[in-house]
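Thanks, everyone. I'll talk through a few side-chain contacts and one piece of helix packing, so have the model open in front of you.

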Amino acid sequence: MDERQRVIEILKRLDEHYGTDPICYLNYETPWQLLIAVILSAQCKDERVNQVTAKLFVKYPSLETLAAADVAQVEQEIHMLGFHHSKAKNIVACAKRLVTEYGKEVPRRMEELITLAGVGRKTANVIRGNIYHDPSIVVDTHVKRISKRLGFTTEQDAEKVEYDLMQVLPKEHWILYNMQIITHGRRLCPARSPKCGECFLNDLCPSGDCFWYRKYEK
């Protein structure tokens, strides 16, 4: 099996085990709510973000109300999240720009998205992929860690990992790969003590027990 065949087989197994329906672990009803939720999710588990936004989006049901919010009050609403001071400042500033410069619409282009407060390439790609269904690769901690374990990249920088994956993965799988790998990271391949013995990618993974045994011991 050459490298291209290995990649195709990995993607095939991910499809078989995790399905091909898009999954977003952050709760939202509108594009702007997803944008705010992703900004809040930095260095924080999605479950905790969902607990916060369940109340936040009730108190601030529109972009206009969030844009007009007092930052100190928003800090109180999101205090259980890490970096709540900077996040509160960013989401209010982001809401203001969406209202005043973008007609309350979340922009589609990467170049515009990354100019918004609190938005980097990861957040922008979540929006592009989930809202506009544009081919995009979201590099979070799961994607970076597991992509390195699979031998898809050797980079540490998220943007460099993103570009490496663009070369490795077929474009039609970019959005799906992120969703599947997040699930895989939570179920079988956490940062500590990955469950290689239970993993359906073990024989294809350079970091897996079966791969190394087959390649070097036989």
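Let's start at Phe200, which counts as buried at 14% relative accessibility. Keep in mind that this is a predicted model. What does the ring of Phe200 pair with? Its partner is Tyr18, and the ring centres are 5.6 Å apart. The planes meet at 65°, and anything over 60 goes down as edge-to-face, so that's what we call this one. Tyr18 is buried too, with a relative accessibility of 13%.

What I like here is where the two residues come from. Tyr18 belongs to helix H1, residues 3-18, while Phe200 sits in the loop between helix H11 (174-187) and helix H12 (209-217). That puts them 182 residues apart, so the contact links distant parts of the chain.

Next pair: Trp32 and Phe57. This one is edge-to-face as well, with 75° between the planes and 5.4 Å from centre to centre. Trp32 is in helix H2, residues 31-40, and Phe57 is in helix H3, residues 46-59. They're 25 residues apart, and again the pair links distant parts of the chain. Are these two buried or exposed? Trp32 is buried at 10% relative accessible area, and Phe57 is buried at 12%. The total count of aromatic pairs is three, and I'm only showing you those two today.

There's also a charge over a ring: Arg186 lies over the face of Tyr25, 4.3 Å from the ring centre.

Back to H2 for a second, now for its packing. H2 packs with helix H6, residues 84-101, at an angle of about 155°, and the axes are 10 Å apart. The cut-off for roughly antiparallel is over 145, which is why H2 and H6 get that label. The handedness of the H2 and H6 crossing is right-handed.

Last topic, cysteines. How many disulfides does a search of the whole structure find? Zero. Take Cys44: why no bond there? Because the closest cysteine sulfur, in Cys24, is 14 Å from the sulfur of Cys44, and that's too far. Cys199 isn't in a disulfide either; there the nearest cysteine sulfur belongs to Cys189, 6.4 Å away. For a disulfide, the sulfurs would have to be within 2.5 Å. As for accessibility, Cys44 counts as buried at 18%, and Cys199 is buried with a relative accessible area of 18%.

That's my tour, happy to rotate the view.

Terms used:
Residues are numbered from 1 along each chain as its sequence is written. This is a predicted model: local features need pLDDT of at least 70, side-chain atom pairs count only at pLDDT 80 or more; totals for chains, interfaces and linings use all residues. Side-chain values use heavy atoms; hydrogens and water are left out. Buried means under 20% relative accessible area, exposed over 50%, partly exposed in between (1.4 Å probe, protein chains only). Rings of Phe, Tyr and Trp (its six-membered ring) pair if their centres lie within 6.5 Å; planes under 30 degrees apart count as stacked, over 60 as edge-to-face and the rest as tilted. Helices (H or I, at least four residues) and strands (E, at least two) are DSSP runs, numbered from the N terminus. A charge sits over a ring if NZ of Lys or CZ of Arg is within 6 Å of the ring centre and within 35 degrees of the ring normal. Axes are lines fitted to C-alpha atoms, for helices over the stretch in contact, and angles run from 0 to 180 degrees between N-to-C directions. Angles under 35 degrees count as roughly parallel, over 145 as roughly antiparallel, 65 to 115 as roughly perpendicular and the rest as oblique. A crossing is left-handed if the near helix is turned anticlockwise from the far one by less than a right angle, and right-handed if clockwise.
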